[in-house]
Amino acid sequence: LTSCSNNSDWNRFGLNGKVKTCLERKYEAEKKFGEWENGDSEDYGNIRFFFDIEGNYQCVEYLDKDNGLLGKFIPQRENGEIIEEIYYNKDGKLINKIKNIHNSKDEFEFIVFNKDGEKTTQGKSYSVNNRCVKKEIQTFEEDKVKEEYSFVAEYDKKGHLISEKHTDKKGEITYFMKFKYIDFDKNNNWTKRLGYDSEEGEEPKNIFIREYEYY
């Protein structure tokens, strides 16, 4: 099964079928009886996505290891495009806003403002087939550029994310993660994947588990 529209958020998030919710949990990888199994749950990296029947994401919740709410992203749309995303903490207080400026179907600019309206981050995002492949990012402190880096994502032929990395302006890698997919559900959405924190890594650092609800 595939999503109804190649331009839906289902497609953008790499999902198949009419997904209603997607809960992703992150664990330390632990080897038991020769197999990689869930170790301790991570405090951060746990996410729940909500979608409407048309495949538009309604919000993203960030959760702690006990499924307690840490924060929530809520999008604002205009003519079908997300023009702003607002992040609230667990108490519903504003943390930041992201303003999106759509230059084309494959490129948009984004500007992040903190709760006081000060610009903290800006950049450009580039997509291929509605999947993000690159971001160029600047962070700011007191209206001056503090850091510049690039984010690059790679996908396999089936559209699964297989690696992501950050490089600084000197081209040095400051963050890297590659993924190996283990299990899938009947809609061909992954339910278990391993995360490695180096290109040569033979042992995974994390295990990611997903659960889905469908319309």
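User: Hi! Which residues make up the aromatic cluster with Phe 13?
Analyst: Phe 13 shares one aromatic cluster with Phe 49, Phe 51 and Tyr 57. Rings of Phe, Tyr and Trp (its six-membered ring) pair here if their centres lie within 6.5 Å; planes under 30 degrees apart are called stacked, over 60 edge-to-face, and the rest tilted.

User: Before we go on, what kind of model is this?
Analyst: It is a predicted model, in which local features need pLDDT of at least 70 and side-chain atom pairs count only at pLDDT 80 or more, while totals for chains, interfaces and linings use all residues. Residues are numbered from 1 along each chain as its sequence is written, and side-chain values use heavy atoms, with hydrogens and water left out.

User: Thanks. How many aromatic pairs turn up in the whole structure?
Analyst: The search finds 11 aromatic pairs.

User: Which ring has the charged end of Lys 119 over it?
Analyst: That is the ring of Phe 140, with the charged end of Lys 119 lying 4.4 Å from the ring centre. Lys 135 does likewise with Phe 110, at 5.9 Å from the centre of that ring. The criterion is NZ of Lys or CZ of Arg within 6 Å of the ring centre and within 35 degrees of the ring normal.

User: Switching to confidence: what is the average pLDDT of the chain?
Analyst: The average is 93, and 97% of the residues score at least 70. pLDDT is the predictor's confidence in each residue, on a scale from 0 to 100.

User: And which element has the lowest mean?
Analyst: Among the elements of the chain, β2 has the lowest mean pLDDT, at 92, and β3 has the highest, at 98. Elements are DSSP runs numbered from the N terminus: helices are H or I with at least four residues, and strands are E with at least two.

User: Where does pLDDT stay under 50?
Analyst: Over residues 1-5. For that stretch the model has 13 contacts beyond four places in sequence, a contact being heavy atoms within 4.5 Å.

User: OK, strands now. Which way do β1 and β3 run, parallel or antiparallel?
Analyst: Antiparallel, with four bridges joining β1 (residues 19-32) to β3 (residues 46-51). Thr 21 stands opposite Phe 50 in β3. Two strands count as paired if DSSP finds at least two bridges between them.

User: How many bridges does β1 have with β15?
Analyst: Nine, again in the antiparallel sense, with β15 covering residues 206-214. Val 19 faces Tyr 214 of β15 there. β1 is also joined to β2 (residues 35-41) by five antiparallel bridges, and Tyr 27 has Ser 41 in β2 as its bridge partner.

User: What about the hairpin of β1 and β2: which residue takes a positive phi?
Analyst: Phe 33, with phi near 55° in a hairpin that has two residues between the strands. In the hairpin of β3 and β4, with five residues between the strands, Gly 55 has a positive phi near 90°. Strand β4 covers residues 57-63 and is antiparallel to β3, with six bridges joining them; Asn 46 stands opposite Leu 63 of β4.

User: Last topic, charges. How many salt bridges does the search find?
Analyst: It finds 12 in the whole structure, taking a salt bridge as a side-chain nitrogen of Lys or Arg within 4 Å of a carboxyl oxygen of Asp or Glu. One of them joins Asp 9 and Arg 77, at 2.8 Å from N to O.

User: Why does the pair of Asp 9 and Arg 77 tie together parts that are apart in sequence?
Analyst: Because Asp 9 lies in helix α1 (residues 9-12) and Arg 77 in strand β5 (residues 69-78), parts that are 68 residues apart in sequence.

User: Is either end tucked away? Which is Asp 9, buried or exposed?
Analyst: Asp 9 is buried, at 6% relative accessible area, while Arg 77 is partly exposed, at 31%. Buried means under 20%, exposed over 50%, and partly exposed in between, using a 1.4 Å probe and protein chains only.

User: What does Glu 61 meet in a salt bridge?
Analyst: The side chain of Lys 72, at 3.8 Å from N to O. Glu 61 lies in strand β4 and Lys 72 in strand β5, so the pair ties together parts 11 residues apart in sequence. Glu 61 is buried at 13% relative accessible area, and Lys 72 is partly exposed at 26%.
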